[in-house]
Structure formats: C-alpha cells, structure tokens
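Trainee: Hi, could you walk me through a new structure? I'd like to ask things as we go.

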Amino acid sequence: DFDVLVVGGGPAGAAASIYAARKGLNTGIVAERFGGQVADTVGIENFISVQYTEGPKLVNSLEAHVREYGVDIMNNQRAVALRKDGKVQLELQNGAVLNSKTVILTPGARWREMNVPGEQQYRGKGVAYCPHCDGPLFKGKKVAVIGGGNSGIEAAIDLAGIVEHVTVLEFAAELRADAVLVKKANSMGNITIITEAQTTEVIGDGNKVTGLNYTERKTGAAKQVELAGIFVQIGLVPNTEWLRGAVELSPRGEIIVDERGQTSVPGVFAAGDATTAPYKQIIIAMGSGANAALGAFDYMIRN
Ligand code: FAD
C-alpha cells in the first residue's frame with residue numbers, strides 16, 4: 001500500500017511525487033505515458049531559469065529527479081476508476097487495484113484538434129496550440145487563430161502584439177468570446193475576424209506551414225490564406241472522463257480543487273492542467289503539483 005499515489009507522469013505528477021517522497025512517504029506514480037504533454041513539445045523557452053530546453057530533454061531530467069527519491073514509477077499503465085472506502089482504491093486497465101492513503105490526480109489535458117489534412121504533418125512546424133509558448137516564434141509574420149471563443153480571441157490579442165497580422169477563423173456565424181475581448185481585438189488594427197469559415201486543410205512546403213484553405217460556409221467558396229503559423233484554439237479537454245461521478249468536476253470536466261489542491265473527496269488531491277486552475281503551463285503545473293503534495297501531507301498528519 002502507498003501513502004501517496006500519483007496518477008499522471010507530467011510536470012504536475014513529477015513535482016507532486018518528489019515533494020511527497022521528500023516527506024518520507026511511500027510514493028508511487030501511475031502514468032499512461034511518463035512525461036505527458038512535455039514529451040510532445042519541441043522548444044521550451046519559458047521554464048524559468050532554463051533559457052532553452054526541449055521536451056524530451058526535460059522529460060529525462062524529470063524522470064531522473066523522480067527516480068533519485070525511489071518513487072515507484074508504473075509507466076504505461078492507465079487508471080480507469082477511483083473509489084474511496086477507507087483508503088483510496090485505484091483500478092488500472094490491466095485489472096490491478098492499488099490502495100493508497102491519499103491520491104494526487106494529475107492526468108493533464110489534450111488540445112482539441114481540427115482533424116484536417118496537414119495538421120499532424122505540420123504540428124510543431126507552424127501548427128501550434130499554445131500562444132504563450134510559441135507566439136514569439138512568429139514575430140513579424142502572419143498567423144491565423146482557429147476558433148473565436150474566449151481562448152481564440154485572447155490568443156489573437158496576445159499574438160497581435162508580436163506578429164505582423166492575425167486572421168481569426170470562426171466556424172459559427174457569431175463569435176462566442178466575451179464582447180469586451182471582441183471589442184479589444186477589433187481595436188488592434190492587425191486582426192481580421194472571419195466568421196462562418198470552415199478550415200479544410202493546412203498547406204505547407206514540406207518543411208513548414210505556408211497557408212491554409214477554408215470554405216466560406218455562406219457561399220461554399222474555397223478560400224486560401226497565406227501565413228506562417230496556425231494557432232488552434234478550439235478547446236483543451238481534460239483527461240478526466242474516467243473520474244466522472246468519483247470526484248466533483250466543473251461543467252468543462254476540470255477537477256474542482258481548493259487552495260490546497262483538495263478535491264471533493266477527502267484524501268484525494270489534484271493538480272495541473274486537469275484542474276480548474278486557469279492557466280495551463282509547465283511551471284504552473286509543477287507549482288500546483290508541489291502544492292497538492294504538501295496538501296496531502298497535511299491531510300495525512302491530521303488523519
Ligand atoms: P500532462 O503533461 O498532460 O501529463 C499528464 C500525465 O497523465 C501523462 O503522463 C499522461 O500519460 C497521464 N495520464 C492521463 N490520463 C491517465 C490515466 N487515466 N491513467 C494514468 N495516467 C494518465 N507549457 C509551457 O510552460 N511551455 C511550453 O513551451 C509549452 N509548450 C507546449 C507545447 C505543446 C505541443 C503542448 C501540447 C503543450 C505545451 N505546454 C507548454 C503546456 C504544458 O505542456 C502543460 O501545461 C503541462 O504539461 C501540464 O502538465 P500536467 O502534469 O498537468 O499534465
């Protein structure tokens with residue numbers, strides 16, 4: 001049996017396990033894929049104190065740091081259910097059931113993709129999902145933002161300060177973003193918003209993005225825009241489908257946590273992109289993982 005069982009091997013889970021193990025607690029990590037989203041990241045320039053690193057390199061350092069504390073890493077294992085009956089029981093896809101005094105949930109999230117030709121081929125070569133991360137790579141260039149919700153319009157405003165021009169493409173006839181954001185976007189001078197536009201293809205020269213094709217839904221006309229980057233902002237989906245009914249989730253499926261990372265179930269904590277924390281970044285996920293581990297420690301010395 002574990003004192004602390006962490007679900008997820010991204011930055012939040014790695015930080016939580018190190019903080020727990022340093023308290024002398026018997027700690028394990030169950031991860032479908034150790035490294036999480038960081039494993040899919042090319043350049044990282046905003047991990048404070050490290051001017052530049054790359055995803056796989058950071059994943060190796062995370063794993064080495066976690067292993068130094070003797071944390072039991074159960075990689076390539078998917079958790080499918082969580083119950084509480086005195087201790088917390090975590091059921092894995094392979095049928096095993098693990099018992100722990102506390103659990104820290106850090107299953108992360110995934111970007112919703114457009115599912116159009118070229119998107120996968122040019123991922124990291126012009127197709128991007130995180131304006132905070134990749135915006136500066138497109139300094140002085142033309143980009144598109146796909147999606148006219150709050151995250152899309154926020155991304156357009158953010159990018160408009162860095163790039164030459166931003167085209168926002170929204171599928172629906174109306175933008176879903178807050179009026180104050182739309183007003184700000186319209187005032188910027190280098191943002192064009194196109195509604196009723198269905199993106200159909202990412203085009204490139206074999207090495208990088210050169211533009212995109214879309215259909216003007218009102219007329220059915222095929223259109224093309226030339227650009228260097230495409231930011232897909234059509235939603236971030238938390239990996240919490242398996243937790244429905246077990247812990248309280250927000251309407252968007254994010255795990256609801258308090259300031260100590262405690263969920264609706266005593267002894268079950270959560271951190272990182274899967275939670276209601278508003279900003280999703282590596283350094284924020286790590287901080288919240290450390291916070292949840294200290295929350296779990298606090299819980300254990302009182303129970
Ligand atoms: P994740 O990194 O998503 O890790 C989740 C972990 O949980 C994984 O190990 C996964 O396998 C596991 N898991 C999920 N479900 C289960 C389950 N049921 N059972 C067992 N394990 C499970 N942020 C930055 O700060 N700077 C950047 O430059 C940057 N660039 C990015 C580029 C890309 C392409 C992407 C996708 C993201 C980028 N981000 C960047 C965001 C950053 O990667 C995330 O905010 C961060 O990884 C979140 O950490 P996390 O630990 O909460 O979740």
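**Helix packing and the rest of the chain**

Mentor: Happy to. Helix 1, residues 11-21, packs with helix 6, residues 282-302, at an angle of about 35°, and their axes are 7 Å apart. Keep in mind that this is a predicted model.

Trainee: In which hand does helix 1 pass helix 6?

Mentor: The crossing of helix 1 with helix 6 is right-handed.

Trainee: And which residues make the contact?

Mentor: From helix 1, you have Pro-11, Ala-12, Gly-13, Ala-14, Ala-15, Ala-16, Tyr-19 and Ala-20. On the helix 6 side, the residues include Ile-282, Ala-285, Met-286, Gly-289, Ala-293 and Phe-297.

Trainee: What classes of residue does the contact of helix 1 with helix 6 have?

Mentor: There are 16 nonpolar and 3 polar residues in that contact, and no charged residues.

Trainee: Sticking with helix 1, how many of its residues are buried?

Mentor: 11 of its 11 residues are buried, and helix 1 is mostly covered. Ser-17, Ile-18 and Ala-21 are among the buried residues.

Trainee: What do the buried residues of helix 1 pack against?

Mentor: Helix 6 is one of the partners, along with helix 2 (55-68). The others are strand 1 (2-7), strand 2 (27-31) and strand 8 (97-105).

Trainee: Switching to the ligand, how many residues surround it, and which are the closest?

Mentor: 39 residues surround the ligand, with Gly-8, Gly-10, Gly-36, Gly-108 and Gly-272 the closest.

Trainee: Which helices and strands each supply at least two residues of the shell?

Mentor: Our two helices come back here: helix 1 and helix 6 each supply at least two residues, and so do strand 2 and strand 9 (109-111). By class, the shell around the ligand has 20 nonpolar, 13 polar and 6 charged residues.

Trainee: Now zoom out for me. How many helices and strands are in the chain?

Mentor: The chain has 6 helices and 19 strands. Its radius of gyration is 21 Å, close to the 19 Å that the globule rule gives for 303 residues, so the chain is as compact as a globular protein of that length. The C-alpha trace spans about 60 × 35 × 35 Å along its principal axes.

Trainee: What share of the chain is buried?

Mentor: Buried residues make up 44% of the 303 residues. As for contacts with a separation of 6 or more, 62% of them are between residues 24 or more positions apart.

Trainee: I also want to ask about backbone angles. What is the phi of Ser-49?

Mentor: Ser-49 has a positive phi of about 90°, although it is not a glycine. Most residues other than glycine have a negative phi. Ser-49 is in the loop between strand 3 (43-44) and strand 4 (53-54).

Trainee: Is Ser-49 buried or exposed?

Mentor: Ser-49 is exposed, because it has 5 other C-beta atoms within 10 Å, and 12 or fewer counts as exposed.

Trainee: Where does Glu-196 lie?

Mentor: Glu-196 lies in the loop between strand 13 (191-194) and strand 14 (197-204). Its phi is positive too, near 50°. Glu-196 counts as partly exposed, with 16 C-beta neighbours inside 10 Å.

Trainee: One last residue: where is Arg-252?

Mentor: Arg-252 is in the loop between strand 18 (236-238) and strand 19 (268-270). Arg-252 is exposed, with 11 other C-beta atoms within 10 Å. The C-alpha atoms of Arg-252 and Val-237 are separated by 7.8 Å, and the two residues are 15 residues apart along the chain.

Definitions and conventions:
Residues numbered from 1 in each chain as written. Predicted model: local features only at pLDDT ≥ 70, side-chain atom pairs only at ≥ 80, totals over all residues. Axes fitted to C-alpha atoms, helices over the stretch in contact; angles between N-to-C directions. Helix = DSSP H or I, 4+ residues; strand = E, 2+ residues; numbered from the N terminus. Left-handed = near helix turned anticlockwise from the far one by under 90°. Contact = placed C-beta atoms within 7 Å. Nonpolar A, V, L, I, M, F, W, Y, C, P; charged D, E, K, R; others polar. Buried ≥ 20, exposed ≤ 12 C-beta atoms within 10 Å, placed from the backbone. Near = placed C-beta within 6 Å. Rg over C-alpha atoms; globule rule 2.2 N^0.38 Å.
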